[in-house]
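User: I have a structure to go through before I get back to the bench. Please take my questions one at a time and keep the answers short.

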Amino acid sequence: MEAQQPLDTSKIGIIGTGVMGGSLSLLFAEHAGLDVSMYDRSEASMQLTADKAKNAGLGDKIHICKNYDELCQSLGSPKIIMLSLPHGGPGDSVVETLQPHLRKGDIVIDGSNENFRVTQKRQALLQPRGVSYVGMGVSGGFCGARHGPSLMPSGDEWALDQLIPLLKKIAAKDDQAGGSGHFVKTIHNGIEHGVMSALCEAWGLMDSCLNMNGDEIGSVFENWNKEGELRENFLVAISGPICRTRSKNDKSFLLHNIRDAVVQDANDSEGTGVWANLEAISAHVPTPSLSAAHYLRLISANIVQRESIKDTLGAVSPATISLDEFQRPVFLEDLRKAVYTTILACFIQGLDLLSRTSERQGWGTDLFEHHYAKSPGQHPLIGEDISSEVKRCWPSLKRVVLSGVEADAHLPCLGATLEYLKYSGSINLPTSFMEAQLDAFGAHGYELKGEQNGSMAKGKHHSNWSQ
């Protein structure tokens with residue numbers, strides 16, 4: 001399908017002017033030079049964006065619209081409209097209401113955090129109208145949205161051909177098919193949650209077990225960010241200032257005053273972590289580091305339940321790990337390597353899932369093969385580059401987890417990574433017993449050692465198991 005006439009890329013409509021949508025409105029106006037027409041149910045939200053535009057000298061580029069009709073009339077046809085909305089129902093409602101205003105050749109960009117399966121349903125809904133629905137992951141938070149986010153668009157080729165030059169003006173991108181843009185963002189966030197967990201577990205060890213203060217821990221993170229495998233990592237870079245920040249009230253370290261509850265997943269305001277784990281299960285891809293990080297977030301959110309369990313089970317508080325002045329730097333170096341290994345595992349697991357799903361969906365998203373394995377279809381732990389790094393740092397991860405377990409430290413992601421590395425290359429797992437159990441009560445069959453079963457077919461042997 002081709003648009004009947006060239007797309008007007010001098011204008012864009014933005015529906016949803018919250019933190020992300022408002023920042024993107026300013027970004028399109030400033031860096032792409034577009035006239036931006038905005039609509040949001042909240043007039044206050046639109047006015048806030050308009051005021052920011054005026055202060056930035058962009059007042060003549062930002063226009064408030066009272067309804068969808070006014071917004072679409074201001075854009076002409078064919079037009080570009082971008083959505084920045086909560087996932088699920090709100091997006092469905094907007095798409096349904098917007099349909100009468102859409103014409104052949106129009107492009108709707110969904111810049112929300114949306115489930116890629118929902119994106120594909122909306123694409124199928126609008127394609128008969130000749131309207132392209134582009135699912136686009138947007139990463140970088142509100143700062144990225146204002147100054148240049150990472151964009152992951154996917155959709156019809158004809159639409160991407162017209163959009164990519166525009167999107168290049170504001171960010172880097174990877175253009176792919178179908179709903180892969182939102183899926184890539186989902187896996188991106190799943191990996192990010194694992195990395196965040198590894199760092200927060202490292203902070204917990206230094207804070208609770210080594211009894212280091214915020215300035216000392218901040219210096220550790222800052223050193224990690226300056227040199228070594230973790231250098232110039234954004235999440236590592238922000239960790240130092242976070243540790244050093246003090247409360248305005250009593251000048252104590254602010255971190256100790258923050259409630260230990262991550263609620264975005266549990267209250268459904270953020271869906272990508274949930275979807276990443278569901279997709280991993282559906283694709284039969286083990287992602288234990290990502291899953292452990294997600295479960296930590298979920299249990300942290302339910303404060304009332306944790307307090308009740310504390311009354312019955314008792315609170316588990318991390319104990320001090322006693323180290324002298326010579327042992328501490330050795331432990332901190334082990335900790336750095338343990339975090340690095342865990343981050344590697346998060347990427348390996350996430351990209352394994354991305355590759356498997358891309359193959360199933362026929363997207364051709366082959367970042368996994370091209371960048372993390374020298375042979376197509378080869379798992380990165382088989383390749384020498386990645387496996388040598390893991391082997392080099394594995395002893396450090398094991399020592400940190402052993403010390404942490406003995407001290408009752410909270411290490412779900414680091415611990416899950418250690419187990420993942422152990423069983424991923426093992427050829428003598430205890431699951432022989434599980435296979436026998438399945439045959440004993442369900443006659444599921446089994447294979448004998450030495451027999452080849454690369455197709456994962458049901459085993460051809462069955463025993464009565466002394467019954």
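User: Which residues of E6 point one way and which the other way, and are they buried or exposed?

Analyst: This is a predicted model, so read each value as computed. In a regular strand the side chains alternate between the two faces of the sheet. Tyr133, Gly135, Gly137 and Ser139 point one way from E6, and Ser132, Val134, Met136 and Val138 the other way. Both sets are buried.

User: How many of the residues of strand E6 are buried?

Analyst: Strand E6 spans residues 132-139 and is mostly covered. The count of buried residues is eight of eight.

User: Which strands pair with E6, and in what sense?

Analyst: E5, residues 107-110, pairs with E6 over four bridges. Here Ile109 has Val134 as its bridge partner. E7, residues 150-154, is joined to E6 by five bridges, and Val138 stands opposite Leu151 there. The pairing with E5 is parallel, and that with E7 is antiparallel.

User: Through which helix does the chain cross from E5 to E6?

Analyst: The path from E5 to E6 is a β-α-β crossover, and this crossover is right-handed. The helix on that path covers residues 116-126. It is H5.

User: Which strands pair with E1?

Analyst: E1 is mostly covered, with four of its five residues buried. One parallel pairing has five bridges, and in it Lys11 has Asp35 as its partner. Another parallel pairing has three bridges, and Ile14 stands opposite Met82 in E4. The partners are E2 and E4.

User: Which helix joins E1 and E2 in a β-α-β unit, and what is the hand of the unit?

Analyst: The helix in this unit covers residues 19-31 and is H1. The unit of E1, H1 and E2 is right-handed.

User: Is Met82 buried or exposed, and what does it contact?

Analyst: Met82 lies in strand E4. Its relative accessible area is 1%, under the 20% cut-off, so Met82 is buried. Leaving aside neighbours within four places in sequence, its contacts are Ile12, Gly13, Ile14, Ile15, Leu24, Phe28, Ile109, Gly111, Met136 and Val138.

User: What distance separates the C-alpha atoms of Met82 and Asp110?

Analyst: Along the chain, Met82 and Asp110 are 28 residues apart. In space, their C-alpha atoms are separated by 5.8 Å.

User: Where do the buried residues of H3 sit around its axis?

Analyst: The buried residues of H3 are Tyr68, Leu71, Cys72 and Leu75. They cover an arc of only 90° around the axis, so they lie on the same side of H3. An α-helix has 3.6 residues a turn, so residues three or four places apart point the same way. The buried residues of H3 pack against E1, E2, E4 and H4.

User: What is found at the start of H3 and just after it?

Analyst: At the start, a side-chain oxygen of Asn67 comes within 3.2 Å of the backbone nitrogen of Asp69. Just after H3, Gly76 has a positive phi of about 75°.

User: With which side chain does the side chain of Asp106 make a polar contact?

Analyst: Asp106 is in the loop between H4 and E5. Its relative accessibility is 1%, so Asp106 counts as buried. Among the residues it contacts are Ser77, His101 and Trp158. The polar contact, at 2.7 Å, is with the side chain of Lys79.

User: Which helix gives the largest share of the largest nonpolar core?

Analyst: That core has 58 residues, and those with the most contacts inside it include Leu199, Trp224 and Leu335. Trp224 touches Leu199, Leu335 and Val339, among others. In soluble globular proteins, nonpolar side chains tend to be buried together. The largest share, 14 residues, comes from H14.

User: Is His294 buried or exposed?

Analyst: His294 is in helix H12. It touches Asp265, Gly273, Val274 and Asn277, not counting residues up to four places away in sequence. At 6% relative accessibility, His294 counts as buried.

Notes:
Residues numbered from 1 in each chain as written. Predicted model: local features only at pLDDT ≥ 70, side-chain atom pairs only at ≥ 80, totals over all residues. Heavy atoms only, no water. Buried < 20%, exposed > 50% of the residue type's maximum accessible area, 1.4 Å probe, protein only. Helix = DSSP H or I, 4+ residues; strand = E, 2+ residues; numbered from the N terminus. Arc of directions from axis to C-beta. Contact = heavy atoms within 4.5 Å. Polar contact = N/O pair within 3.5 Å; in protein donor to acceptor, adjacent residues only side chain to side chain. Core = buried A, V, L, I, M, F, W, Y, C linked by side-chain atoms within 4.5 Å. Pairing = 2+ DSSP bridges. Right-handed = clockwise from strand over helix to strand, strands pointing away.
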